[in-house]
Each structure stands twice: as structure tokens, then as C-alpha cells.
Amino acid sequence: MGSALKKFCMQFCCCCCARDEDDDDEKQPLLPEDPLEYFNREVQKRRDEETNLWSEPGDPSHSERDDDRALYVLLQARNKTRMGSTGYRRLSVDIEAMRDTRREVRDKWKTVLENLGFMAEADSLLTVSAGASLDRMRNAPTARALLQTLHSETSIFSSREPPPERYLFILDRLLYLDIADDFLAKAKRFYPPKDDSDEEIPGLAINLPLLLARVEASMNGGGDEDDESEREDGNLSDRS
């Protein structure tokens, strides 16, 4: 198992990938004109990925899935909203609620991996970069079948929306390490399926269209909502 994991890390992990693009890399300069700017950008990209846990990590537009698009629209709206305003605070609450839902799923995966003995490796196994590509997967059909099984036969994901594609890449790694079946068995034991009435409803999943409509209306309407909210805050202060 140790040698397989070491081989996996050499082939898959972020900074030491040595894939078939070696010939293409030889044609490219080793470093861009401004190395510091490049590395800062890459660090920021990885930080954003781990913060937002995009469901479709290979989609730079974050528009292929409704949940990714909703989170991206919220982030863009907050960037255009004055920090500290009521609108900014409301957007921050919505953003953190969506991030919390994604972190909860990731934590379930981490719990199962750690129970399988991968305490030190769990975080690395669960890291998926924006450069992940289905073309590079070794066992894509099997990984997809396992993802659907996890979705239908466990409560590791919400049954009300399709499972995030990011976990395809993680399952591909588990298949390479020959622990995918063990992971599935543990997941079924730790997170058995729930009836619809028992399943916890993610706070924003139900109101995703409404949330998008509200944010887009707020962006199109400029700062009216902030001004109105600030007037309300002022009135409350006067009354007190």
C-alpha cells in the first residue's frame, strides 16, 4: 500500500505531476516574464479552489452547474458591493452557507478515509485542482458508476441534486490505490441512505433559483438595496 501511495503521489499530486505533456512543456518557457505574479496567481487559485470547493473544478466559468453558478454570482456580487454595507453582509451569509454545505460533504469523505487509515493522506487525496481533466482519469467509467452508487445508496451527498463532479477525480485515485470498494463499504455503514423526510435540507439548495434572481436583481438595481438597508439601520438607531 505504501509503495502504491508513493507512486500515486508522484503521478497525481499537484506540484509533481509528470504527465504526457512533457513534450509540450519543453516548448514553453520554464517561467513567465513575471515569476512572482505567476506564483501569486497560482497560490490564489488554489486557495480559492479549497475555499469554494467547486463542484465542476475544470469549469473556469463556473456556469455548468446551478450550484457553482449561484456561488460564483454571489461572489461577483459581493465584489461589487461596498464592504461593511448591509448588502455585503447578506451576501457573505449566503456565500458561507453554500461553502458550509460543500465542506460538510468533504468532511464526510475525510471521515471515511481517515477510518480506512489514511489520516495523513486524506487532505491530499481530497484536493482537486482547477486543472483536473476527465481525459487524464485512468478509470473514468468505473469512477462514475461508483459516484452514482454513493449518491443513491448513501447519504454522503444530498439526494436532491446531482453529486459534484469533483469527486469523480477522487474516486479515480481511490481506484488506483485499490481502496474504492473499501471506501464504498465504509460510506454505506457510516452514512446509510435516509428517507426524504429524514434528510437534512441544505439551506440554499431549495431556494437556488430564488437566490440567483434576488442577487441578479440586486446587481442590476445598483446600490438601491444597500441605501434602503442603511436607511433602515439609521432609523433603528434613531429609535434606540
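A nonpolar core, as the term is used on this tour, is a set of buried Ala, Val, Leu, Ile, Met, Phe, Trp, Tyr and Cys residues joined through side-chain atoms within 4.5 Å, where buried means under 20% relative accessible area, exposed over 50%, and partly exposed in between, computed with a 1.4 Å probe on protein chains only. The model is predicted, so that local features need pLDDT of at least 70 and side-chain atom pairs count only at pLDDT 80 or more, while totals for chains, interfaces and linings use all residues. Residues are numbered from 1 along each chain as its sequence is written, and side-chain values use heavy atoms, with hydrogens and water left out.

**The whole chain**

Begin with the protein chain in a cartoon view, where there are 11 helices and zero strands; helices (H or I, at least four residues) and strands (E, at least two) are DSSP runs, numbered from the N terminus. Of the 240 residues in the protein chain, buried residues make up 37%. Taking contact to mean heavy atoms within 4.5 Å, residues 24 or more positions apart account for 71% of the contacts in the protein chain with a separation of 6 or more.

**The largest nonpolar core**

Next select Trp109, Leu150, Leu174 and Phe183, which touch the most other members of the largest nonpolar core, a set of 30 residues. The elements that give two or more residues to this core are H5 (86–115), H6 (122–125), H7 (140–153), H8 (166–176) and H9 (180–190), and H8 gives the most, with six residues. Apart from this core lies another, of nine residues, among them Ala70, Ala77, Ile95 and Met98.

Return to Leu150 and display its surroundings: leaving aside residues up to four places away in sequence, Leu150 touches Trp109, Ile156, Phe157, Leu171, Phe183, Leu184 and Ala187.

**H7 beside H9**

Now select H7, whose buried residues are Ala143, Leu146, Leu147, Thr149, Leu150 and His151, and whose buried residues are covered by elements including H5, H8 and H9. At 1.5 Å times one less than its number of residues, the 14 residues of H7 should span 20 Å, and the end C-alpha atoms of H7 are indeed 20 Å apart, which agrees.

Add H9 to the selection; with axes taken as lines fitted to C-alpha atoms, for helices over the stretch in contact, and angles running from 0 to 180 degrees between N-to-C directions, the axes of H7 and H9 come within 10 Å and cross at roughly 10°. That crossing makes H7 roughly parallel to H9, since angles under 35 degrees count as roughly parallel, over 145 as roughly antiparallel, 65 to 115 as roughly perpendicular and the rest as oblique. The contact is made by Leu146, Thr149, Leu150 and Glu153 of H7 together with Ala180, Phe183, Leu184, Ala187 and Lys188 of H9. By class, the contact of H7 with H9 has six nonpolar, one polar and two charged residues, where Ala, Val, Leu, Ile, Met, Phe, Trp, Tyr, Cys and Pro count as nonpolar, Asp, Glu, Lys and Arg as charged, and the others, Gly among them, as polar.

**H3 across H5**

Move to H3 (residues 35–52) and show it with H5: the axes of the two helices come within 8 Å and cross at roughly 85°, which makes H3 roughly perpendicular to H5. The residues to select are Glu50, Thr51 and Asn52 of H3 and Arg99, Arg102, Arg103 and Arg106 of H5, which make the contact. These residues divide into no nonpolar, two polar and five charged.

Within H3, pick out Glu49, which is buried, with a relative accessible area of 5%. Residues up to four places away in sequence not being counted, Glu49 touches Trp54, Pro57, Val128 and Arg166.

**H4 and Gln76**

Select H4 (residues 66–79), where the 14 residues should span 20 Å at 1.5 Å a residue and the end C-alpha atoms are 20 Å apart, in agreement. Among the buried residues of H4 are Asp67, Asp68 and Arg78. Gln76, also placed in H4, is partly exposed, with a relative accessible area of 28%; a distance drawn from the C-alpha atom of Gln76 to that of Leu91, 15 residues apart along the chain, is 10.0 Å.

**Two loop residues**

Finish with Leu53, in the loop between H3 and H4, and Asp178, in the loop between H8 and H9. Phi of Leu53 is near 45°, a positive value in a residue other than glycine, and Leu53 counts as buried at 4% relative accessibility. Phi of Asp178 is near 65°, again a positive value in a residue other than glycine, whereas Asp178 counts as exposed at 66% relative accessibility.
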